[in-house]
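Reader: I'm new to this structure and would love a close look at a single part of it. Could you choose one and show me how it sits within the whole?

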Amino acid sequence: MKVLMINGSPHPKGNTQTALNEMIKIFDQQNIDTEIIHIGNKDIRGCIACMSCKKTGKCVFDDMVNEVAQKFEECDGLVVGTSVYFGSANSTLISFLTRLFYSVPFDKTMKVGASIVVARRGGISATYDEINKFFAISGMPIASTQYWNAIHGREQGEASKDEEGLQTMRVLARNMSFLLKSIHDGKEKYGLPQKEEFVRTNFIR
């Protein structure tokens, strides 16, 4: 099994990375492979709703979104980490996730998703909710922990002093590992949930 980890912070060696590394310690113990992709300091534009991806199976802008798409398809779980800006995620990360989730043609059902949020002080719950919506709309179970999936720190390295935050990351990784293994065994025994044809009801007709 493999977990793909997206670092949405513009600082690849900052506090978001500290949180991801704490999770990796547990994933290693659970024999779950991990790969980190740093996108927070990349030039990634937003979606323009051209719908080209519905014909080609990939985004019209050939950047890291298309590079990561295959890794996303092959992984069993996705961890998305971000620092907080004005009570929300890094805007580069949101552009990346919006295009990635919309453009890929494969079924994301039962891939496990987890968001982690890093802040100096506030804005954590709003950002946590913002990231989780990508998972929820895609049929992805959301891994949780003993508190919000959050850790605190501003200057590089400060998150390593947040003992509760570090513990939260470890518990999250253990819970996510359990979900990954349970879903893997469940798919072999029961298969995926039955699909219904999507009923789309517009408010204005």
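Author: Happily! Starting at the N terminus, the elements of the protein chain follow the order β-α-β-α-α-β-β-α-β-α-β-α, which amounts to six helices and six strands. Helices (H or I, at least four residues) and strands (E, at least two) are DSSP runs here, numbered from the N terminus.

A word on the model before we go in. This is a predicted model, in which local features need pLDDT of at least 70 and side-chain atom pairs count only at pLDDT 80 or more, while totals for chains, interfaces and linings use all residues. Residues are numbered from 1 along each chain as its sequence is written, and side-chain values use heavy atoms, with hydrogens and water left out.

Now the overall setting. The radius of gyration, taken over C-alpha atoms, can be compared with a globule rule of 2.2 Å times the number of residues to the power 0.38. For 205 residues a compact globule would come out near 17 Å, and the protein chain has 17 Å, so the two agree. Along the principal axes, its C-alpha atoms fill a box of roughly 50 × 40 × 35 Å. Buried means under 20% relative accessible area, exposed over 50%, and partly exposed in between (1.4 Å probe, protein chains only). In the protein chain, 47% of the 205 residues count as buried. Contact means heavy atoms within 4.5 Å. Among contacts between residues at least 6 apart in sequence, 78% join residues at least 24 apart.

The part I'd like to show you is helix 4, together with the loops on either side of its stretch of the chain. Helix 4 covers residues 91–103. The expected span of a helix is 1.5 Å times one less than its number of residues. Helix 4 has 13 residues and reaches 18 Å from its first C-alpha to its last, close to the 18 Å expected.

Is helix 4 largely enclosed or open? It is largely enclosed by the rest of the structure, because 10 of its 13 residues are buried. Those buried residues are Thr92, Leu93, Ile94, Ser95, Phe96, Leu97, Arg99, Leu100, Phe101 and Ser103. If you look around them in the 3D view, what covers them includes strand 1, helix 2 (53–56), helix 3 (64–74), strand 3, strand 4 (88–89) and helix 5.

Let's step back along the chain to Phe86, which sits in the loop between strand 3 and strand 4. Here is a contrast with the buried residues of helix 4: Phe86 is exposed, as its relative accessible area is 90%. Its backbone is worth a glance too. Most residues other than glycine have a negative phi. Phe86, which is not a glycine, has a positive phi near 50°.

Now go past helix 4, into the loop that leads to strand 5. Lys108 has its place in this loop. Is Lys108 buried or exposed? With a relative accessible area of 9%, Lys108 is buried. Its contacts, leaving aside neighbours within four places in sequence, are Phe72, Phe101, Ser138, Gly139 and Met140. One of these, Phe101, is itself among the buried residues of helix 4, while Phe72 falls within the 64–74 range of helix 3. Not every residue lies so close to Lys108: the C-alpha atoms of Lys108 and Ile6 are 16 Å apart, with their positions 102 residues apart in sequence.

Met110 belongs to the loop between helix 4 and strand 5 as well. Like Phe86, it is not a glycine and still has a positive phi, in this case of about 75°. Met110 counts as partly exposed, since its relative accessibility is 26%.

For a companion to helix 4, turn to helix 1 (residues 15–29). Its 15 residues should span 21 Å, and its end C-alpha atoms are 22 Å apart, which agrees. Helix 1 is mostly covered, with 11 of its 15 residues buried. The elements covering those buried residues include strand 1 (2–7), strand 2 (33–38), strand 3 (77–85), strand 5 (112–119), strand 6 (150–152) and helix 6 (163–190). You may recognise strand 1 and strand 3, which also help to cover helix 4. Just after helix 1, Asn31 takes a positive phi of about 60°.
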